[in-house]
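User: I've got this model open and I'd like a close look at one part of it. Could you walk me through the two sheets and the helices that sit on them?

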Amino acid sequence: MNSDRPKGPAPGPSRDGVSGEGVLRDNLFLDENEFVDSLRWLDEERRQQVIESMRLARNPRRLNASERQILSETVAPLLRDLAATGMRLPDIRPEAHHVSGMEGVGAWIREPDGCGSGIDIPTDLPPAERVERLAEQIQNWAADQLHDAGRKPEWPLCPQHPACNRASPEVVDGSPVWVCGEGPHVISAIGSLPKSR
Ligand SMILES: [Zn+2]
């Protein structure tokens, strides 16, 4: 059992002594049964995913060694690009907080305020496409950071065409690259953006 698991609400009176399995007082639903009951309209597989995600949110699962390897390999080029462009780096935790519904590795971006958001790396795709998929998610995270800082929520921008919308991650000739919509043209490999501020 993970000792640094988040402290959940106290178990409800109707669930004597079952620590962490009880009442979701902070949430929309009064207890887990009521919540599960509200999911009847989902198909069984999706319903189980939602239930498992709810449990993981309260008690995240540490990724195993091979999952951590995939996470660090896939995120590394994106961290390089964030750093090269003067962005704050996300605090990525090797923890699954949700079930993604696809074959993959899920991790967690923790924010300074203690909140966070999940990211997913689809492991049924080759590495280049994993980077492409994660790039889209990091773009959304970066957009939130920029928006909160009162800046244009577009990352990354093409150094030659900064007035354009954000670059798009694509796989070209088997490699993940940033593509500028002007032209369009390849800006650089993902992980090799030129230094800028
Ligand atoms: Zn361009």
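Analyst: Let's start with a pair of strands: β6 and β7 (residues 175–180) run antiparallel and are joined over five bridges. Keep in mind that this is a predicted model. One contact to click on is Val172, whose bridge partner in β7 is Ser175. The pair belongs to an open sheet of three strands, ordered β6-β7-β8 and antiparallel in its pairing. Its edges are β6 (168–172) and β8 (185–189), each of which pairs on one side only. From one strand to the next, the twist averages 45°. Across β6 and β7 lies α4, running at about 170° to β6.

Now for the other sheet. This one is also open, with three strands in the order β2-β4-β5 and antiparallel pairing. Here β2 and β5 take the edge positions with a single partner strand each, so each has one side without a neighbour in the sheet. The twist in this case averages 35° from one strand to the next. Looking at β2 and β4, you'll find them paired in the antiparallel sense over three bridges, and Asp91 stands opposite Arg110 in β4.

Two helices pack on this sheet. α3 touches β2, β4 and β5, and its direction makes about 65° with that of β4. α4 turns up again here, touching β4 and β5, with its direction at about 165° to that of β5. So which elements do the buried residues of α3 pack against? They pack against β2 (91–93), β4 (104–110), β5 (116–122) and α4 (127–148). The buried residues themselves are Leu71, Thr74, Val75, Leu78, Asp81 and Leu82. For the spacing in that list, remember that an α-helix has 3.6 residues a turn, so residues three or four places apart point the same way.

α3 deserves a bit more of your time. The helix covers residues 65–84, 20 residues in total, and reaches 28 Å from its first C-alpha to its last, close to the 28 Å expected at 1.5 Å a residue. Even so, there is a bend to look at: α3 bends by about 35° at Ala76, with a proline, Pro77, following within four residues. After the helix comes Gly86, which has a positive phi, near 75°.

To pull it together, α4 is the helix to follow if you want to get from one sheet to the other: α4 lies across β6 and β7, and α4 also packs on the other sheet by touching β4 and β5.

How values were computed: Residues numbered from 1 in each chain as written. Predicted model: local features only at pLDDT ≥ 70, side-chain atom pairs only at ≥ 80, totals over all residues. Expected span 1.5 Å × (residues − 1). Bend = angle between axes of the 7 residues up to and from the residue. Buried ≥ 20, exposed ≤ 12 C-beta atoms within 10 Å, placed from the backbone. Contact = placed C-beta atoms within 7 Å. Pairing = 2+ DSSP bridges. Axes fitted to C-alpha atoms, helices over the stretch in contact; angles between N-to-C directions.
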